[in-house]
Amino acid sequence: MGNIMEKLEITAQEAYCKKVEELTPSELHLALGKVVMGEIAPNWAKSKAKHNSERRAYYFSAEFLMGRMMYNNLYCLGILDEVTKLLKKKGIDINVFEEIDDAALGNGGLGRLAACYLDSAATQEVPLDGYGIRYKYGLFKQLIKDGYQVEIADNWQRFKDPWCVRREDEAVTVSFKDQTVKAVPYDMAVIGCKTDNINTLRLWQAEAVNEFDFTAFNNTEYDRAVKEKNDAENISKVLYPNDNKYEGKVLRLKQQYFFCSASLQDIMRRYKAKHGTDFSHFAEENAIQLNDTHPVSCVPELVRLLQLEGMGFDEAFEIARKTCSYTNHTVLSEALEKWSADLMTQVIPEIYDIICLIANKCQEELIAKGINNEMRAKMRIIDGNAVHMARLATYAGTYVNGVAQLHTEILKADLLKEWYQVYPERFLNKTNGITQRRWLGLCNPELSELITDKVGSDDWLIDLSKLSVLNDCLDARTINKFNKIKAKKKVQLAEYIKKMDGFDVNPDTIFDVQVKRLHEYKRQLINAFSIMAIYFRIKEGKLPNWTPTTFIFGAKAAPGYARAKAIIKYITEIANLVNNDPDTKDKLQVYFISNYNVSYAEKIVVAADISEQTSTAGLEASGTGNMKFMLNGAVTLGTWDGANIEIAECAGVENEYIFGARVEDIDRLKKEGYNPAGLLEQNPELKRVINTLIDGTFDDDGAQGEGSFRELHHALTKGTHWHDPDHYFLIQDLPDYIETKIRANADYADRKEFGKKCLLNVANAGKFSSDRAILEYANEIWHVSHK
Ligand SMILES: *Cc1c(COP(=O)(O)O)cnc(C)c1O
């Protein structure tokens, strides 16, 4: 790096006629961003040229939840400390950049995974570029008002965006039946750590081919004059705020096809520049990973584009199939994409026609393999009026993978079992991971220093398996050091929560944390119920040795998800009760922090003692939040689900707090009949807790338990026409959960033993690096080179 400060002075002067110390935070952000981009430009160009000369892979994802870029980029370049000092000399605190919002072009785990994978690929020199959509508005910002979620548009571009380069010259057009739009690429540099390699995230923005209809304007038809512009821009206007729920809107279909078509045209243009029009070797040079089914229209679109180059259907399909692989992220039926054939015909008729050809080919192939009618019927890609995207992706790709061992087993045994029987060689597991640069190095410098000291170098930054040396560092002094670091991170979080939400959190309590999207299957409600049970026990003097605990929740609910919103309200009502009850307020504190996002996560995961991972067994495909907590030395209080299982296996199940029914138990209950109302009758404590929803203990909008809380109660005890009572088995798991939580609380009192459990979690978190995961993808799915 050259002289950063000198360059920053010049940029400040040129762009704002100001000295560096006179810049506003947002000006400083832009100016420093520009300087950094200038510094990396040569390496970026070099990396691009290198990747262009070799087999490479692309990550197609409708979401990239990147988080704040400034600190991460400076960190990966190894100049964060230097820049911090240089700015300090000018009287500028580097924390000013916290005023700049992070772009949330994703909902939760799936989008964050995509971001971690880009980071890891850049660091491990895997030639992997991302393709997605440059939404004007990312995930909404959340306020909590009177206990209710309020959504506000996330206009992240108001701070400008120094990290993206607009490439007007590489724009392409994308056509729908009723509309043709321009796709303009914005390139974001993805900077590797301890390497000169830089990868690219290319995000497409939709714009009008003709911005302005002059004739219409002259005819005083002002709306029509800008109609094309508005219609085009609508396509990349907003991220759908749904997590694990399929939203079948026309606009969503357009978004998906838009970025798939633009990205494929881009890849094919590059291929053509090298090889001319002979596309027969396309699959030898390119691998495309479909992050869930959102980008599945990539397959028929690739067929269509190859046909335009003169190729026949069969050959084009074989190439598409060899190029694409599919990652499944969910088994929840409400999240499995199914498009109606009618709608597809209205929006992208040529694509629908090609899907029909693929669907027929699939059935022919199955007949040739001797698959009987009954089984073939279950494998129809087009079934009646529904196009099953997961089936299309499974058939029309080389590999299909789950994201944790248990999840992959469930795919094979249940969701995609017919497919597994016919094509067993396609199924792979790729347990998710997280990048240790952002989720340890950057967000926990104190623990990083301890680790670097024990490892003897900071090589763990690029090889997380190095953490295992900590297994031999479980002496009293090290544990004590770890506990001190954790205490410090809790003080820092308490200050941050005070600043962001105004709560007075006591850092001298256990921090028991549940942060993730709000969803019934994740069961924030079981956590809330356990707190109520503990509250009653404390009031009755039944928990004399309870160590004071702060329960921290953070979660956004999809705006249309009424039950999720009712759960937020219920948690805030509990907070009002226990935080103000003189019998309990010194022992129990509950806070629902607002606007949980990547930046908040960075402060939270480092400060947690206990990581709540309470999904119903079999329903959380992997989870990655669980890994962030583990890496920073929290124990998992969770179910035998997703990656929790692998976390417990790595760190030792005795160092976690696992509770509740396993998948087999849930399956048995479903078969034999599950009667939650019966369980409540046998257990007065449970009944009392659950009745707080309806007995007037709490107030849901002036209704004293007669509003949305009654609906929650009804769903648990009676069910509805669309699901059985207690569909997520809360009442089944609650007793074991309460006892397990109390056991964890008691264990915490032995600071040395508990600290040892925490350290063992850190020591054995190596597997959960996204570096490990991305290298598995590179070696076993994409077959591309790397470091
Ligand atoms: C990691 C992360 C998630 C995913 O959390 P899970 O607990 O795995 O669902 C969601 N949102 C943000 C902001 C994250 O950083």
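How many nonpolar, polar and charged residues are in the shell around the ligand? By class, that shell has 5 nonpolar, 6 polar and 3 charged residues. The close-ups below come from a predicted model, so keep that in mind as you look around.

**View 1. The ligand and the residues around it.** Here we zoom in on the ligand, which has 14 residues surrounding it. The closest ones are K516, K522, T624, G625 and K628. Two helices each put at least two residues into this shell: α24, covering 598–604, and α25, covering 625–631.

**View 2. Polar atoms next to ligand oxygens.** Start with the lysines: K516 has a polar side-chain atom 2.7 Å from an oxygen atom of the ligand. K522 also brings a polar side-chain atom up to a ligand oxygen, this time at 2.8 Å. With G625, it's the backbone that takes part, as one of its polar backbone atoms sits 2.9 Å from an oxygen atom of the ligand. On its own, the ligand would expose 390 Å², and the protein buries 95% of that.

**View 3. The cavity that holds the ligand.** Zoom out a little and you get the space taken by the ligand, which is the largest cavity. The structure holds 10 cavities of 30 Å³ or more, and the largest has about 700 Å³ of space in it. There are 44 residues lining this cavity, and those closest to its centre are G108, G109, L110, D243 and K522. K522, then, turns up both here and among the residues closest to the ligand.

**View 4. What the cavity wall is made of.** Three helices give two or more residues to the lining of the largest cavity: α5 (109–123), α24 and α25. The largest share comes from α5, with 3 residues. Sorted by class, the lining has 15 nonpolar, 15 polar and 14 charged residues.

**View 5. The second largest pocket.** Now for another site: the second largest pocket, with a volume of about 860 Å³. It's lined by 37 residues, and the ones closest to its centre are V331, S333, D414, L619 and K670.

**View 6. Helices and residue classes in that pocket's lining.** Four helices each supply at least two lining residues to the second largest pocket: α16 (389–395), α17 (405–415), α18 (417–422) and α27 (663–672). Of these, α27 gives the largest share, 5 residues. As for class, you'll find 20 nonpolar, 6 polar and 11 charged residues in the lining of this pocket.

Technical notes:
Residues numbered from 1 in each chain as written. Predicted model: local features only at pLDDT ≥ 70, side-chain atom pairs only at ≥ 80, totals over all residues. Heavy atoms only, no water. Near = heavy atom within 4 Å. Polar contact = N/O pair within 3.5 Å; in protein donor to acceptor, adjacent residues only side chain to side chain. Areas by Shrake-Rupley, 256 points an atom, 1.4 Å probe, with all protein chains shown as cover. 1 Å grid on protein atoms, 1.4 Å probe; cavity = no way out; pocket = protein on both sides within 12 Å on 5 of 7 lines; lining within 4 Å. Sits in = over half its atoms within 2 Å of the grid points. Nonpolar A, V, L, I, M, F, W, Y, C, P; charged D, E, K, R; others polar. Points joined across faces, edges and corners; volume = space filled by probe spheres on them.
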